[in-house]
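Biologist: Before I trust any labels, can you walk me through the reasoning behind them? Pull the model up first.

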Amino acid sequence: MIVGGSGSGKSTLARAIGARLGLPVVHMDALMFSPGWQEVADDVFLARVEAAVARDTWVMDGNYSRTWPQRLARADTVIFLDIPTWLRLWRVIRRVATGYGRTRPDLAPGCPEQIDLGFIFGWVPRYARHGRPKALDLMAPDGPAGTLARHRLTSRREVRDFLQGLSPAQSTGV
């Protein structure tokens, strides 16, 4: 289970872990949206999450903290990408500039990359005050992740080292 702010590299890391360990990858944004960036009904979203976590193995990226209990109950590892805001902002701007009009593989079909200034300059920086404290609580020794393996990665180097340390024998459910 991978959490972190927009632009932290959740989807990229999920794909890398999936490829390295031979695990299916689930992107939470693909469960949440339908074409045209329309959010699905809450009951549909939660049913999709339940179906995804019921699989034997998976790597799942995305925050959606209201689904943490379901995901934590089935995960064996939680990864928090605690990447600085300036770097996340740069990555989001670069992602929009290079992918404008195309749908990324971690999104639902019909959700092309778009310029959304409210998202870029509102949502992305706000994570540091709102989402990050929740993720830090999640990772705390007495937090909701309980006894699961927990990894807080704060730089590209830490992410690279983490990936290099994975072996196919560790393929249960991240």
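Modeller: Sure, starting with burial: buried means under 20% relative accessible area, exposed means over 50%, and partly exposed is in between, using a 1.4 Å probe and protein chains only. One caveat is that this is a predicted model, where local features need pLDDT of at least 70, side-chain atom pairs count only at pLDDT 80 or more, and totals for chains, interfaces and linings use all residues. Residues are numbered from 1 along each chain as its sequence is written, and side-chain values use heavy atoms, with hydrogens and water left out.

Biologist: Okay, why is Asp106 called buried?

Modeller: Its relative accessibility is 5%, so Asp106 counts as buried.

Biologist: And what makes Arg15 and Asp106 a salt bridge?

Modeller: The rule wants a side-chain nitrogen of Lys or Arg within 4 Å of a carboxyl oxygen of Asp or Glu. For Arg15 and Asp106, the closest N and O atoms are 4.0 Å apart, and the pair is listed as a salt bridge. Arg15 sits in helix α1 (residues 10–21) and Asp106 in the loop between α5 and α6, so the pair links distant parts of the chain, 91 residues apart. Helices here are DSSP runs of H or I with at least four residues, strands are runs of E with at least two, and both are numbered from the N terminus.

Biologist: Is Arg15 buried or partly exposed?

Modeller: Partly exposed, because its relative accessible area is 34%.

Biologist: Which other residues are tied up with that pair in a network?

Modeller: The salt-bridge network links Arg15, Arg95, Arg104, Asp106 and Glu113. Within it, Arg104 meets Asp106 with N to O at 3.0 Å, and both of these residues are buried. The whole structure has eight salt bridges.

Biologist: How do you know that Arg132 and Asp82 form a salt bridge?

Modeller: Their N to O distance is 2.7 Å. Arg132 belongs to helix α7 (residues 131–139), while Asp82 is in the loop between β6 (77–81) and α5, 50 residues apart. Arg132 is at 28% relative accessibility, so it counts as partly exposed; Asp82 is buried because its relative accessible area is 9%.

Biologist: Now the helices. Why are α5 and α6 called roughly antiparallel?

Modeller: Angles run from 0 to 180 degrees between N-to-C directions, with axes fitted to C-alpha atoms, for helices over the stretch in contact. Under 35 degrees counts as roughly parallel, over 145 as roughly antiparallel, 65 to 115 as roughly perpendicular, and the rest as oblique. The axes of α5 (residues 85–99) and α6 (residues 117–126) come within 10 Å and cross at roughly 150°. That makes α5 roughly antiparallel to α6.

Biologist: Which residues make that contact?

Modeller: Contact means heavy atoms within 4.5 Å. On α5 the list includes Leu89, Val92 and Val96, and on α6 it includes Phe119, Ile120 and Phe121.

Biologist: And what makes α1 and α8 roughly parallel?

Modeller: The axes of α1 and helix α8 (residues 156–164) come within 11 Å and cross at roughly 15°. α1 and α8 are therefore roughly parallel to each other. Their contact is made by Leu13, Ala16, Ile17 and Arg20 of α1, with Val159, Phe162, Leu163 and Gln164 of α8.

Biologist: Last one: what is odd about Trp37?

Modeller: Trp37 has a positive phi of about 60° although it is not a glycine. Trp37 lies in the loop between β3 (33–34) and β4 (38–39), and its relative accessible area of 23% is why it is partly exposed.
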